[in-house]
Amino acid sequence: MDVWLLCSCVSLLSSAAALGSGDDGWSMKVQPEVRAIEGYPVVLPCTFSHPQHSQHSSLQVLWRLGHGQGASVLYRCTSRPGAATCEPGPQQDQRYRLEGNPREHDLSLRIHSTTLQDSGRYYCRVEVQGREHISFEDKMGTRLRVEAPPKILALSVEGSEQSGYRALCRVQGSPLPDVQWLGPDDLLEGSPVGPLAQGTPAHYHTVSQLRDVQPGQQYTCSASNPLGKEQATLYVLPPRPSLSAAGASPPLLLLLSVSVGAKVILLVGMGVWMVQGGALQGVSCRWK
């Protein structure tokens, strides 16, 4: 089943917002909320009515994200009399495309390959260019809610022999995933880490920590939300007998595996942490 079709059906469950008639027969209608799945396209519906005398005027269509001084214009195009399409500017971001035809009173916007950062409130506007410059826009806007299944971005260990080691699991998803830690036999108690780094969109990122991580054990970070579940397992191998000079600590080796749904990918990442002077140095784990 095409996920975009599913998203469109979900959006239609919301009642259309008829935004009061303007002067001289102007009116505009939008959806109060539209939902999308990350990575798939979505259409934000917007239709309008206007006096017949403006049929032969040039129309300018504008879509923006946000309201007031912080708003950003995402799409702008001009529909000239007799033209079959609404022509965007040369610098237009190709992720955005007008799905509707302004000459048929349809200003619907299509967004390709949505991301979590696309979530927000969108406003459509139409301007009639001519002897009298007339404009009309919706006042309530359409809230776009982009959702995504959990994704484990990073799994690492930090600390020292003196203070102890802790595992960190960084997760992304919308709705914000619930994170649990699992030991070999039971559920372990983790805790959120905060605040996140400045500039991090906290509404769909979270970091969970597990204290008292011990060599010779394995720990699983499990992230879930209504759209799915993802797990990553951290194997902390016991230090090997030291082959280095007296007083130097042996290296601590950790292996990672990631489980996506029912599929398991083994040895997708490997990191080596060198314990020197009692401190854990150099954390680097990556997987694709």
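**Exercise 1. The overall picture**

What does the accessible surface of the protein come to, and what percentage of it belongs to carbon and sulfur atoms?

*Solution.* Start with the ground rules. This is a predicted model with residues numbered from 1 along each chain as its sequence is written, where local features need pLDDT of at least 70, side-chain atom pairs count only at pLDDT 80 or more, and totals for chains, interfaces and linings use all residues. Side-chain values use heavy atoms, with hydrogens and water left out.

Step 1: the accessible surface comes to about 15,900 Å², and 52% of that belongs to carbon and sulfur atoms. Areas here come from the Shrake-Rupley method with a 1.4 Å probe, and for residues only the protein chains shown count as cover.

Step 2: look inside. Of the 288 residues in the protein, 40% are buried; buried means under 20% relative accessible area, exposed means over 50%, and partly exposed is in between (1.4 Å probe, protein chains only).

Step 3: take stock of the secondary structure, which amounts to one helix and 23 strands. Helices (H or I, at least four residues) and strands (E, at least two) are DSSP runs, numbered from the N terminus.

Step 4: check the contacts (heavy atoms within 4.5 Å). Of those with a separation of 6 or more, 52% are between residues 24 or more positions apart.

**Exercise 2. Sorting out the disulfides**

Work out how the bonded cysteines pair up, and the handedness of each link.

*Solution.* Step 1: count them. The structure holds three disulfides, a disulfide being a pair of cysteine sulfur atoms within 2.5 Å.

Step 2: begin with Cys-46 and Cys-124, which are joined with an S to S distance of 2.0 Å. The torsion about their S-S bond is about 60°, so this disulfide is right-handed. Cys-46 sits in strand β5 (residues 46-49) and Cys-124 in strand β11 (residues 120-129), so the bond ties together parts that are 78 residues apart in sequence. Both Cys-46 and Cys-124 are buried.

Step 3: move to Cys-77 and Cys-86, whose sulfur atoms are 2.1 Å apart. Here the S-S torsion is about 95°, so this one is right-handed as well. Cys-77 has 1% relative accessibility and counts as buried; Cys-86, with a relative accessible area of 12%, is buried too.

Step 4: finish with Cys-169 and Cys-221, linked at 2.0 Å from S to S. With -80° about the S-S bond, their link is left-handed. Cys-169 belongs to strand β14 (residues 164-174) and Cys-221 to strand β19 (residues 217-225), so this pair ties together parts that are 52 residues apart in sequence. Cys-169 is buried at 0% relative accessibility, and Cys-221 is buried at 0%.

Step 5: write the pattern. Number the bonded cysteines in sequence order and you get 1-4, 2-3, 5-6.

**Exercise 3. Backbone oddities**

Where is the cis peptide bond from Ser-174 to Pro-175, and are Ser-113 and Asp-212 buried, partly exposed or exposed?

*Solution.* Step 1: take the peptide bond from Ser-174 to Pro-175, which is cis with omega near 0°. Pro-175 is in the loop between β14 and β15 (178-182).

Step 2: now for positive phi. Ser-113 has a phi of about 45° although it is not a glycine. Ser-113 is in the loop between β10 (109-111) and β11, and at 42% relative accessibility it counts as partly exposed.

Step 3: Asp-212 is not a glycine either, yet has a positive phi of about 60°. Asp-212 lies within strand β18 (residues 205-213) and is exposed, with a relative accessible area of 61%.

**Exercise 4. Reading a small sheet**

What is the strand order in the open sheet of three strands?

*Solution.* Step 1: recall how sheets are held. Strands pair through backbone hydrogen bonds, either parallel or antiparallel.

Step 2: the order is β4-β10-β9, with antiparallel pairing; two strands pair if DSSP finds at least two bridges between them.

Step 3: find the edges. β4 (42-44) and β9 (96-98) each have a single partner strand, so one side of each is left without a neighbour in the sheet. From one strand to the next, the twist averages 25°. For the angles, axes are lines fitted to C-alpha atoms (for helices over the stretch in contact), and values run from 0 to 180 degrees between N-to-C directions.

Step 4: zoom in on one pairing. β4 and β10 run antiparallel and are joined by three bridges. Val-43 has Arg-110 in β10 as its bridge partner.
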